[in-house]
Each structure stands twice: as C-alpha cells, then as structure tokens.
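Please report on how the chains meet each other and the DNA, and on how the strands pair.

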Number of protein chains: 2
Amino acid sequence: MNIIEAKDIFLNYVKKKGLRHSRQREQILDAFLSSDKHITVDDLHNILKKKNPDIGYATVHRNLKLMCESGLADEIKVGNKKARYEQKYGQEHHDHLICLKCGRFIEVRDERIERLQDKLAEANNFIPQRHRLEIYGLCKKCK
Amino acid sequence: MNIIEAKDIFLNYVKKKGLRHSRQREQILDAFLSSDKHITVDDLHNILKKKNPDIGYATVHRNLKLMCESGLADEIKVGNKKARYEQKYGQEHHDHLICLKCGRFIEVRDERIERLQDKLAEANNFIPQRHRLEIYGLCKKCK
DNA sequence: TATGATATTGATATTAATAATCAATATTAA
DNA sequence: TTAATATTGATTATTAATATCAATATCATA
C-alpha cells in the first residue's frame, strides 16, 4: 500500500467536501496510516499526544470518522467494546477471527465464502452492500 | 419448537446454578418464548407491563441475560443500537441479512458457508466457538 | 497581503445503552 | 417457622459516542 496515495485520497475527499486542511488533520492522518491494525480512538490519541500534547480526543475521533467516510478507514464494533479502526485503502476486504481469550484479531479471506454470500443475498432478493463475518474462538496461542 | 421443553431447559439451568424461581422470572420466560424475533429489552418490558405493571426494566434485562447464559436466547448487537434478543433453543443457527433502509432482519442459512467457515478457522489454527455473519444491504421491499 | 466567512479545534456537556447498587421483599432448604 | 440469601425495582454509575460552543485557524477573494 502506498501511503502517499492514501493520503491523497483523503486530502482530496476533504477538499471535495469543502472542508479545510489543518495541522491536526494531517497529523492524525499520518499517525493512522503508520499505525497498527485495529486501533481505538484512545490508542491513536495517545500516540499523537507524544508529538503534539495539545491534540484533543474529540479531534481524533472526528477525523477517524471522516477517514471512514472517505473510504480510507473501516470501523469494527464488537459488542459494547470501544470501536476499532483499520486501514481499508489498498487492502482487500477481509473477515476476522477473534480470540475470546487474548482478544487478538486475525484477518482472513475466503473467495468461496465471499461468492456464496453474494449468492445467498441474491437468492433472498436482497442487494448486498457490505458484510461482516466474525468467527469467535481460541487462537493458536490460547487454545 | 417445544415451549415446555424450552422452559424446562431454563428452569433447570436456574436451579443448577443455585438460583431461585420467581413470579417475574417465569413471566419473562413465557413472554420471551411467545415473542417475535429480534426483540429488545424495551419491547419485552412493554409487553410484560400489560400483564404486570409493576415489573421493572432491570429485571427484564437481567433475565434476558440469564436466558442467553442458559443457551435459550441469543443477543444480537448491531453498531451502537439497542441489543436485540432472539430464541435460540431448538432453532438452527442462522445468519442475518439486515436492511439498511427499514432495519428488517432476514434469517438465512447456507450449509456451504457454515462448512467453509470451519475450514477457514481450522486453516488458521483457530478453534471456532461461534460466529456472526451479517450482510447489510437493501431488502426486496426497499431496493 | 488583508479580510471576512466559516471550518476546526479542544474542553466539556449530553445522550444512550448497559450494568451496578441497595434496601425491601420473596424464596427455599432445613 | 426460621434463617440464609437470591430477587426485585428504583435509582445511580459507568462507559462510549457524539453534540455543543467559544476561541482560533484556514483559505478564497478583494
């Protein structure tokens, strides 16, 4: 994945919507794009505070939402836990194996499942837009 | 599905855990078992208040959680919306098509997807315990 | 470059869902 | 019948997400 390209996508989206550029916006974008997977607003806020102690939680939250809107990020909500965000641009859609013991997210993808899901929707006269498949269990470290 | 049988499962679970029987517990159980699919705590509370105006929200909430524990009910959380509960005992596992416009839940099941999911987990050295597949889009009425 | 319209920020308040608390009461085993 | 304790229902606390708002920053245009 090309970070420059991803940044352009977002900055163009911002401009197209008549929104503005800001120092914080760029810092949050950079930090997110070089972050690990499945990060919470808190995680990202903590990383950012090291470089810019004045940056606010609300600003990080708002900009993560905006990144989701732009197609750059994806939100994952599990139960009543804090939302987590992962990079989406240039990544293929994938599902998650979620370990009930250590909480680890493992990304997986199966073409056949993807195809069968579309067929399943179609068979029910349903137009699928997106889906979410999560398999809960024990990862190899915890089993 | 046999309601008597389902009731027994729950009442035995309650006894086995050293918990007690109560009028409210039984009323909530009965109301849940004769309720429609995908009901919220509020929905069930409102139904129950008609028969017993004194029954409290917290009691309904607690007992729905207990029914989940006993294997009788299943909780469905979508985003930050209110949790919904559906009957699980005697029902086959199924997935959901969720309409983004009208909010309808359509229950679906595909054996091939079920099998492929298990294989996918296995291939990742992961022991699956349960899964959740939700396909979001537009139902036939809304498309 | 200066200006003015307005988007952004950061602190805080609000909302909403869920779960915890607790005194009064109900249940149950002995 | 009694004693131990689980349950109830009203209320409060907790948590995460989002809205609010005054101060400030951005940026198109004069």
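## DNA surfaces and chain contacts

H4 of chain A, helix H2 (23–33) of chain B and H4 of chain B each supply at least two residues of the surface near DNA strand D. The model is a predicted one. H4(B) makes the largest contribution to the surface near DNA strand D, with four residues. Of the 24 residues around this strand, A:His21, A:Ala83, B:Leu19, B:Gly56 and B:Thr59 come nearest.

DNA strand C also has 24 residues around it. Here the nearest are A:Leu19, A:Gly56, A:Thr59, B:His21 and B:Ala83. Two or more residues of this surface come from each of helix H2 (23–33) of chain A, helix H4 (57–70) of chain A and helix H4 (57–70) of chain B. H4(A) gives the most to the surface near DNA strand C, namely four residues.

The table lists the residue classes of three surfaces.

| Surface | Nonpolar | Polar | Charged |
|---|---|---|---|
| Near DNA strand C | six residues | 10 residues | eight residues |
| Near DNA strand D | six residues | 10 residues | eight residues |
| Side of chain A that touches chain B | 16 residues | seven residues | eight residues |

**Between the chains.** How many residues of chain A are in contact with chain B? There are 31, and they meet 31 residues of chain B. On the side of chain A that touches chain B, three elements give two or more residues: strand E5 (105–108), helix H5 (111–123) and strand E6 (127–138) of chain A. E6(A) supplies the largest share of that side, 12 residues.

E6(A) also pairs across the chains. Its partner is strand E6 (residues 127–138) of chain B. The two strands run antiparallel and are joined by 11 bridges. Within this pairing, A:Tyr136 stands opposite B:Arg130 in E6(B). Strands of a sheet pair through backbone hydrogen bonds, either parallel or antiparallel.

**A sheet within chain A.** Three strands of chain A form an open sheet in the order E1-E3-E2, with antiparallel pairing. Strand E1 (39–40) and strand E2 (73–76) of chain A are the edge strands, each pairing on one side only. Four bridges link E2(A) to strand E3 (residues 84–87) of chain A in the antiparallel sense. One residue pair can be named: A:Glu75 has A:Tyr85 in E3(A) as its bridge partner.

H4(A) packs on this sheet and touches E2 and E3 of chain A. The direction of H4(A) makes about 110° with that of E2(A). H4(A) thus appears twice in this picture: H4(A) packs on the sheet, and H4(A) gives four residues to the surface near DNA strand C.

Notes: Residues are numbered from 1 along each chain as its sequence is written. Chains are lettered from A and ligands numbered from 1 in the order in which they are written. This is a predicted model: local features need pLDDT of at least 70, side-chain atom pairs count only at pLDDT 80 or more; totals for chains, interfaces and linings use all residues. A residue is near a molecule or strand if its C-beta atom, placed from the backbone, lies within 6 Å of it. Ala, Val, Leu, Ile, Met, Phe, Trp, Tyr, Cys and Pro count as nonpolar, Asp, Glu, Lys and Arg as charged, and the others, Gly among them, as polar. Two residues are in contact if their C-beta atoms, placed from the backbone, lie within 7 Å. Two strands pair if DSSP finds at least two bridges between them. Axes are lines fitted to C-alpha atoms, for helices over the stretch in contact, and angles run from 0 to 180 degrees between N-to-C directions.
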